[in-house]
Amino acid sequence: MHVINKILKKTVKPKYRLAIFDMDQTLVDQTIYEDVFHIMEEFKSLKINMAIASYNPYAAWLCDRYDITKYFDIICGYPHEGKLDHIKTIRNYYKENGVTYDDTEIIFFDDDKKNISDISRITGIRCITVNPKKGINKNVVNLVNCNQSPLPPLPLNELFTDTGSTISS
C-alpha cells in the first residue's frame, strides 16, 4: 500500500490545493486525535496548503501545544459570526501572498453541521462533516488513504485531477 501511495503522489495532482480545518472536535478534543499527524504529513507531501478556522481563541496555543503549528500557514482562532468570515480572512491572507483559490480547490473539515451547511449553501467549497466523537481520521480523508472510499458521494476520481500520467500495477 505504501508503494501505491508513493506512485500516486508522483503521478496524480491533488484536486484540492487548500485544506481548512476546524480545531475543536475535528483535530483535538482532550488531546490531539490519533491520525492528525499522518493526515498533516500526507497533505504536506501533496503540497496542499493548510489553515485553521476556529471559534476557539486558543487555537494557536493548541497548535503549539500539540506541535502542529508548522503545518498551517494561517490560524484563525477567534469567536466570530460565522466560519465564512474565517474563510474570507484565510483567502485574503493567501491573496496578499500572491495565491488565489477557486472554491473548487478548497476542502473544509468541521464537526459542526451548521458550519458545513452554511458554507456548502453559500460557496462551492467541498465540505466534510467530521464525527465530533472521533475527530478527523484516515477514513474521512480519501486524500490520505486512496485505497478506500469513505466519502461515497465523491468518487476517487473527483478527489484527484489526473496529470496525464498513468498508474501501473
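What follows is a short chat about the fold of this predicted model.

Me: How many helices and strands does the chain have?
Reply: The secondary structure comes to 6 helices and 7 strands.

Me: And what pattern do they follow along the sequence?
Reply: The chain reads α-β-β-α-β-α-β-α-β-α-β-α-β.

Me: OK, the sheet. What is the strand order?
Reply: The order is 4-3-2-5-6. These 5 strands form an open sheet, and the pairing is parallel.

Me: Which strands stand at the edges?
Reply: Strand 4 and strand 6, the latter covering 126–129. Each has a single partner strand, so one side of each is left without a neighbour in the sheet.

Me: How much are neighbouring strands turned against each other?
Reply: By 20° on average, with direction ignored.

Me: Which helix packs on the sheet there, and which strands does that helix touch?
Reply: Helix 5, residues 113–122, packs on the sheet and touches strand 5 (106–110) and strand 6. The direction of helix 5 makes about 165° with that of strand 6.

Me: Switching to strand 3. Why is strand 3 largely enclosed?
Reply: Strand 3 spans residues 49–54, and 5 of its 6 residues are buried, so the rest of the structure largely encloses this strand. Buried here means under 20% relative accessible area.

Me: How does strand 2 pair with strand 3?
Reply: In the parallel sense, over 4 bridges. Strand 2 is residues 18–21.

Me: Which residue in strand 3 stands opposite Leu-18?
Reply: Asn-49 does.

Me: What does the chain go through between strand 2 and strand 3?
Reply: Helix 2, residues 36–45. This β-α-β crossover is right-handed.

Me: And how many bridges link strand 3 and strand 4?
Reply: Strand 3 and strand 4 (residues 74–77) pair over 4 bridges, in the parallel sense. In strand 4, Cys-76 is the bridge partner of Ala-53.

Me: Is the crossover from strand 3 to strand 4 right-handed or left-handed?
Reply: Right-handed. The chain runs from strand 3 through helix 3, residues 59–65, to strand 4.

Me: Now the whole chain. What share of the residues is buried?
Reply: Buried residues make up 46% of the 169 residues.

Me: How much area does the chain expose?
Reply: About 9200 Å², of which carbon and sulfur atoms supply 50%.

Me: Last one: what share of the contacts joins residues 24 or more positions apart?
Reply: Such residues account for 63% of the contacts with a separation of 6 or more.

Conventions:
Residues numbered from 1 in each chain as written. Predicted model: local features only at pLDDT ≥ 70, side-chain atom pairs only at ≥ 80, totals over all residues. Heavy atoms only, no water. Buried < 20%, exposed > 50% of the residue type's maximum accessible area, 1.4 Å probe, protein only. Helix = DSSP H or I, 4+ residues; strand = E, 2+ residues; numbered from the N terminus. Pairing = 2+ DSSP bridges. Right-handed = clockwise from strand over helix to strand, strands pointing away. Axes fitted to C-alpha atoms, helices over the stretch in contact; angles between N-to-C directions. Contact = heavy atoms within 4.5 Å. Areas by Shrake-Rupley, 256 points an atom, 1.4 Å probe, with all protein chains shown as cover.
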